[in-house]
Amino acid sequence: MMHTYPSRIIEQAVEEISKLPGIGKKSALRLALHMLKRPESQSLQLAHALVQLRTETKYCPKCHMISDGDLCGICASTKRDERLLCVVEDLRDVMAIENTGQYTGLYHVLGGIISPLAGVSPTDLHIDTLITRIASGAFDEVILGLSPTMEGDTTAFYLTKKLADYSIKISTIARGIPIGGDLEYTDEITLGRSIVGRVNYE
C-alpha cells in the first residue's frame with residue numbers, strides 16, 4: 001500500500017523509524033508526528049541519546065556486556081560470586097536474570113546462539129573468550145542460561161563438548177511448568193522435561 005506524505009522530511013523520518021522491529025509505517029508516522037508536537041528540546045535529547053548509543057557504547061572485555069567504563073558494573077563488583085559463571089545469549093538475558101535477584105555470580109554474553117539457518121556459526125559468537133576464561137581455572141561452575149529452543153539446545157550441546165576437557169561443573173537452568181500453570185495446557189516437551197528433571201519435594 002502506497003502512502004502519501006505532506007513532506008519529504010516526514011516521509012524520510014517514517015522510513016527510518018519503520019525500520020525498527022515491530023514498527024510499521026502507521027506507527028512510525030504516529031511517532032514522527034508525536035515528536036513534532038513535543039518541545040524541540042525533547043527531540044534533540046532523543047537524537048543525542050541515539051547518537052551516543054552508536055558512538056560511545058563500549059563492551060566489557062571480560063563478559064562482552066554493554067558497559068560505560070573499562071569493565072561492566074557486574075565484572076567490576078566485589079560483591080559477586082567470582083567462582084560462578086552464567087553463559088547467556090545477550091544483554092536482555094542478563095537483565096532478566098538480574099531482575100530475579102536470585103543470582104550473584106558473573107556472566108558471559110555470547111552475542112547470539114548457533115543457528116545454521118540464520119547463518120550464525122560458533123565462530124560468530126564469543127566462544128573463544130569463554131574457553132579462555134574457563135581454562136584459567138577461575139570458575140567452579142558454568143550455568144548454561146540459554147533459551148529452551150532448538151538453537152539454544154544446539155548451542156548448549158556445542159559448549160558442553162567444548163568444555164568437556166575442563167574439570168568444571170556444567171549445569172543448565174531448570175525447565176518446567178510455570179507456577180500457576182495447568183498440566184493440561186502444558187506442551188509435551190515442557191511436561192516431559194519437567195518429569196525427567198524432577199527435584200526432591202521440600
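**Questions on burial, cysteines and the sheet**

Trainee: What makes C86 count as buried?

Mentor: C86 has a relative accessible area of 2%. Buried means under 20%, so C86 is buried. Keep in mind that this is a predicted model.

Trainee: Why is there no bond between the sulfur of C86 and that of C63?

Mentor: The closest cysteine sulfur to that of C86 is in C63, 11 Å away. A disulfide needs the two sulfur atoms within 2.5 Å. The distance is therefore too far for a bond.

Trainee: What about C60: how far away is the nearest cysteine sulfur?

Mentor: The structure holds zero disulfides. For C60, the nearest cysteine sulfur is that of C63, at 3.8 Å. The cut-off is 2.5 Å, and C60 is in no disulfide.

Trainee: Is C60 buried or exposed?

Mentor: Buried: its relative accessible area is 1%. The limit is under 20%, so C60 meets it.

Trainee: Which feature does UniProt place at residues 60-75?

Mentor: The unreviewed UniProt entry gives "zinc finger region: C4-type" there. In the model, that stretch is 19% helix and 12% strand. Its end C-alpha atoms are 8 Å apart.

Trainee: What is notable about the phi of H64?

Mentor: H64 has a positive phi of about 75°, although it is not a glycine. Most residues other than glycine have a negative phi. H64 lies in the loop between β1 (58-59) and β2 (66-67). At 15% relative accessibility it counts as buried, because the limit is under 20%.

Trainee: Now the sheet. What is the order of its four strands?

Mentor: The order is β4-β3-β5-β6, in an open sheet with parallel pairing. The edge strands are β4 (105-109) and β6 (169-172).

Trainee: What makes β4 and β6 the edge strands?

Mentor: Each pairs on one side only. From one strand to the next, the twist averages 25°.

Trainee: How do you know that β5 pairs with β6?

Mentor: Two strands pair if there are at least two bridges between them. Four bridges join β5 (residues 141-144) to β6, and the two run parallel. E141 stands opposite K169 in β6, while L144 stands opposite T172.

Trainee: And how many bridges join β3 to β5?

Mentor: Four, again with the strands parallel. The pairing criterion is at least two bridges, and the count meets it. L85 has V142 in β5 as its bridge partner.

Trainee: Why are both faces of β5 called covered?

Mentor: E141 and I143 lie on one side, V142 and L144 on the other. Buried means under 20% relative accessible area, and these residues are all buried.

Trainee: Which strands does helix α5 touch?

Mentor: Helix α5 (residues 91-100) packs on the sheet, touching β3 (81-88) and β4. Its direction makes about 160° with that of β4.

Trainee: Take T155. Where is it, and what makes it count as buried?

Mentor: T155 is in helix α7 (residues 150-162). Its relative accessibility is 0%. The limit is under 20%, so T155 is buried. It touches L110, I113, I114 and L146, leaving aside residues up to four places away in sequence.

Trainee: What makes the approach of T155 to E151 a polar contact?

Mentor: A polar atom of the T155 side chain lies 2.8 Å from the backbone oxygen of E151. The cut-off is within 3.5 Å, and 2.8 Å falls inside it.

Trainee: E151 also touches S115; is S115 buried or exposed?

Mentor: S115 is buried, at 10% relative accessible area, because the limit is under 20%. It sits in the loop between β4 and α6. Beyond residues up to four places away in sequence, S115 touches V120 and E151.

Trainee: Why is D124 called partly exposed?

Mentor: Its relative accessible area is 47%. Buried is under 20% and exposed is over 50%. The value falls in between, so D124 is partly exposed.

Trainee: Where is D124, and what does its side chain approach?

Mentor: D124 is in the loop between β4 and α6 (127-135). A polar atom of its side chain lies 2.9 Å from the backbone nitrogen of S121. That is inside the 3.5 Å cut-off for a polar contact. The C-alpha atoms of D124 and I113 are separated by 8.9 Å, and the two residues are 11 apart along the chain.

Key: Residues numbered from 1 in each chain as written. Predicted model: local features only at pLDDT ≥ 70, side-chain atom pairs only at ≥ 80, totals over all residues. Heavy atoms only, no water. Axes fitted to C-alpha atoms, helices over the stretch in contact; angles between N-to-C directions. Contact = heavy atoms within 4.5 Å. UniProt positions renumbered as here; feature names shortened; annotations may be inferred. Buried < 20%, exposed > 50% of the residue type's maximum accessible area, 1.4 Å probe, protein only. Polar contact = N/O pair within 3.5 Å; in protein donor to acceptor, adjacent residues only side chain to side chain.
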